Amino acid sequence: MHFQWYPGHMTKAKRMMQENIKLIDVVIELVDARIPVSSRNPDIKQLASGKKQVILLNKYDLADDVYTKKWKEYYDNKGYFTALVNSKSGKGVKDVNEVIMKACSEKIERDRKRGILNRPVRAMIAGIPNVGKSTFINSFAGKACTKTGDKPGVTKGKQWIRLNKNVELLDTPGILWPKFEDQKVGLNLALIGSISDNILQLEELAEELIAVLKEYYPKLLEGYLGFDISLKPYEILEKYAYKRGCRLKGDEADTNRAAILLLDDYRGGKIGKITLERP
Ligand code: G4P
């Protein structure tokens, strides 16, 4: 399977981020806890250089807790400020404020020494499409927030969401595109559903999923399928098709429909809490 992306969008989004980055103190990058490397754009390092960086492992409700912990440690050790969040339920979202304050402690201290008190830190959310940026902003900002209008020194039209007395959030998230040079990255993004299924070979994708699960989560896979998984991925998909009643005329297995069901269940967390990358 070969994955492609659209470099046109990439340049525009990058330019938008470059413009906005000047205005902010801290970049809050959302990554998908199921694929904490593949769901990043390596350019963010350069884009956010000189700024403090927070990494939020979002959707951790769908990821393997053991590896989520390991990935958090991994990014902590690299000097990022990190937190685990489930933006959908709101779990962990409240703690993000404290993480932002920690990331900006030097700036706050510098301000204090200059006699500037209570100047809010300015943050921008960034991340690849579908990682949960809007969901997070809604959950983090909640109802209590007020939108502030244009401010002197701030590019016209920029909206800031005043979250509390400490934090202002740029209301347009920075959209980063993942890098597709590495086919493994493309595969991971396709598996979690970040690439439109219309352009993918779903049976092949489902077979890849089966192969990964056989390697990393054999017990979960077997428990979910309810049959022996020593078969080849394609044979497993066929058997699964019959089990789910996906049949074509002549009683042939409808592996395409089975692939859709399998991928849906995986993405919805029905197979279990699964992380596809290892630190
Ligand atoms: P974006 O702005 O970065 O593009 O992403 P967005 O917030 O639109 O979120 C993309 C999808 O991810 C949404 O699902 C959203 O509900 C889901 N999501 C965001 N954060 C989390 C999380 O922490 N855990 C889980 N399980 N899901 C999360 P959707 O299918 O597009 O919408 P919906 O059916 O959930 O309403």
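## Charged residues and a covered strand

Lys72 has a relative accessibility of 24% and therefore counts as partly exposed, since that class lies between the buried limit of under 20% and the exposed limit of over 50%. The model in which Lys72 sits is a predicted one. The side chain of Lys72 meets that of Asp76 in a salt bridge, with N to O at 3.2 Å. Asp76 is likewise assigned to the partly exposed class, because its relative accessibility is 32%. Both residues belong to helix H3, which covers residues 65–77, and because they are four residues apart they are separated by about one helical turn.

This pair is one of the salt bridges in the structure, which holds 13. As a general matter, side chains of opposite charge can pair when their charged atoms come close. Another example is Lys270 with Asp265, where the closest N and O atoms are 3.8 Å apart. The two partners fall into separate accessibility classes: Lys270 is exposed because its relative accessibility is 60%, while Asp265 is buried because its relative accessible area is 11%.

A further salt bridge joins Arg119 to Asp111, with N to O at 3.1 Å. Here the acid is the buried partner: Asp111 has 3% relative accessibility and so counts as buried, whereas Arg119, at 43%, is partly exposed. These two residues are also linked with Lys107 in a network of salt bridges. Lys107 is found in helix H5, residues 105–113. With a relative accessibility of 10%, Lys107 is under the 20% limit and therefore counts as buried. Not counting residues up to four places away in sequence, Lys107 touches Asp25, Arg119 and Val121.

Val121 leads on to strand S4, which is made up of residues 121–127. How much of strand S4 is buried? Seven of its seven residues are. The cover extends to both faces of S4: one side carries Val121, Ala123, Ile125 and Gly127, the other carries Arg122, Met124 and Ala126, and all of these are buried.

The pairing of S4 can be followed strand by strand. Strand S1, residues 26–32, pairs with S4 in the parallel sense over four bridges. Within S1 and S4, Glu29 stands opposite Ala126. Strand S7, residues 167–170, runs parallel to S4 and is joined to it by three bridges. Ala123 has Leu169 in S7 as its bridge partner. Strand S8, residues 174–175, also runs parallel to S4, and two bridges join them. In S8, Ile175 is the bridge partner of Gly127.

Several of these residues reappear around Lys133, a residue of helix H6 (residues 133–141). Leaving aside neighbours within four places in sequence, the contacts of Lys133 include Ile125, Ala126 and Gly127, which are among the buried residues of S4. Ile175 is also in contact with Lys133, as are Leu30, Ile128, Pro173 and Gly174.

What is the charge environment of Lys133, which is buried? Lys133 has no salt bridge, and the nearest side chain of opposite charge, Glu29, is 10 Å away. A salt bridge requires a side-chain nitrogen within 4 Å of a carboxyl oxygen, so Glu29 at 10 Å does not qualify. Glu29 is also the residue that stands opposite Ala126 in S4. The side chain of Lys133 does have a polar neighbour: one of its polar atoms lies 2.8 Å from the backbone oxygen of Ile128. Lys107, which is also buried, belongs by contrast to the salt-bridge network with Asp111 and Arg119.

At the level of the whole chain, the secondary structure comes to eleven helices and eight strands. The chain has 279 residues, of which buried residues make up 48%. Among contacts with a separation of 6 or more, 69% are between residues 24 or more positions apart. The chain is divided into domain 1, residues 8–171, and domain 2, residues 201–267. The C-alpha centres of the two domains lie 38 Å apart. Along its principal axes, the C-alpha trace spans about 80 × 35 × 35 Å.

Notes:
Residues are numbered from 1 along each chain as its sequence is written. This is a predicted model: local features need pLDDT of at least 70, side-chain atom pairs count only at pLDDT 80 or more; totals for chains, interfaces and linings use all residues. Side-chain values use heavy atoms; hydrogens and water are left out. Buried means under 20% relative accessible area, exposed over 50%, partly exposed in between (1.4 Å probe, protein chains only). Lys and Arg count as positive and Asp and Glu as negative; His and the chain ends are not counted. A polar contact is a pair of N or O atoms within 3.5 Å; within protein, one must be able to donate a hydrogen and the other to accept it, and residues adjacent in sequence count only if both atoms are side-chain atoms. Contact means heavy atoms within 4.5 Å. Two strands pair if DSSP finds at least two bridges between them. Domain bounds come from an automatic or database domain assignment.
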